[in-house]
Amino acid sequence: MRKNDSIKACGRTINYEIVYSKKRRKAAIVVRPDLSVEFRAPHGLSREAIREMVQKKAAWVQEKLDWFEVNRLPCQEKEYTDGEKFLYLGKEYPLTVLPVEGIKKAFASFSGSEITVLLPEPAPEELKPSLVKKAVWNFYSECAEKEVEKFLKAYAEILNIDIPAFKVKHQKKRWGSCSADNVLRINFQLMMAPPEQLEYVVVHEICHVKEKNHSVKFWDLVGELMPGYQVHRKSLKKDGWRYVL
Ligand SMILES: [Zn+2]
């Protein structure tokens with residue numbers, strides 16, 4: 001269940017969304033890089049009690065909001081135009097769009113210093129960004145497929161299991177998942193992250209083949225496969241909002 005509410009503190013209004021959960025025992029406030037505030041509440045906590053708790057944490061919330069405001073990337077929405085910067089394997093590279101006569105499909109590749117998109121010429125101006133976008137998505141998705149397969153091969157061998165079936169996908173809210181029948185789904189936007197973060201997600205999901213829940217046993221297994229995974233898990237939490245295609 002979700003509800004919106006707001007409080008006033010130090011002359012400013014804090015809008016927040018209350019998300020109730022039956023499983024939750026302790027309340028928590030989350031401030032997101034997109035400047036939204038979420039209050040995670042145990043089932044049955046009154047709006048009044050929540051308001052009081054937000055009031056008490058108001059200074060911290062405002063500090064976080066200010067920080068995200070200042071450190072925000074100027075624009076997250078990609079335009080898919082020549083010269084635009086794209087993250088690839090944790091580093092930023094410019095996109096170079098080259099019109100080419102005689103080709104049928106737009107095609108993207110990485111040269112080492114830029115992401116090049118060959119664009120069929122002539123093409124209507126208004127269609128160009130969507131053609132470039134398609135080529136860029138294909139590029140990231142194909143790279144992800146190769147990388148994920150490489151990691152899965154290596155870790156399946158260590159775990160002594162068959163290489164699980166997997167799909168790379170564009171997902172808005174998850175980095176990866178493992179279904180009940182052990183099909184792994186990995187978000188290809190992870191190709192924008194440093195390679196260790198993609199590796200961590202693959203390790204996390206392949207460990208679910210053996211351990212479905214986030215139990216102590218599960219995290220021990222993750223740690224065995226990838227010592228020091230905590231660093232990458234944390235970095236992904238902190239920087240993940242930048243990996244948007
Ligand atoms: Zn998990």
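## Exercises on a sheet and its loops

L89 lies in the loop between β5 and β6, where strands (E, at least two residues) are DSSP runs, numbered from the N terminus. The model is a predicted one: local features need pLDDT of at least 70, side-chain atom pairs count only at pLDDT 80 or more, and totals for chains, interfaces and linings use all residues. Residue numbers start from 1 along each chain as its sequence is written.

**Exercise 1.** Describe the backbone and surroundings of L89.

*Solution.* Start with phi: for L89 the angle is near 50°, a positive value in a residue other than glycine. Most residues other than glycine have a negative phi. Next, count neighbours: L89 has 16 other C-beta atoms within 10 Å. Buried takes 20 or more, exposed 12 or fewer, and partly exposed lies in between, with C-beta atoms placed from the backbone. L89 is therefore partly exposed.

**Exercise 2.** Find the strand order of the open sheet that contains β5.

*Solution.* Two strands pair if DSSP finds at least two bridges between them. Following the pairs gives β5-β6-β8-β7, an order of 4 strands with mixed pairing. At the edges are β5 (85–88) and β7 (107–110), each pairing on one side only. Now look at β5 and β6 (residues 91–101): they run antiparallel and are joined by 4 bridges. Here F86 stands opposite Y93 in β6.

**Exercise 3.** Locate P122 and describe the peptide bond that joins E121 to this residue.

*Solution.* Look in the loop between β8 (115–121) and α3 (128–159) for P122. Then check omega: about 0°, so the bond between E121 and P122 is cis.
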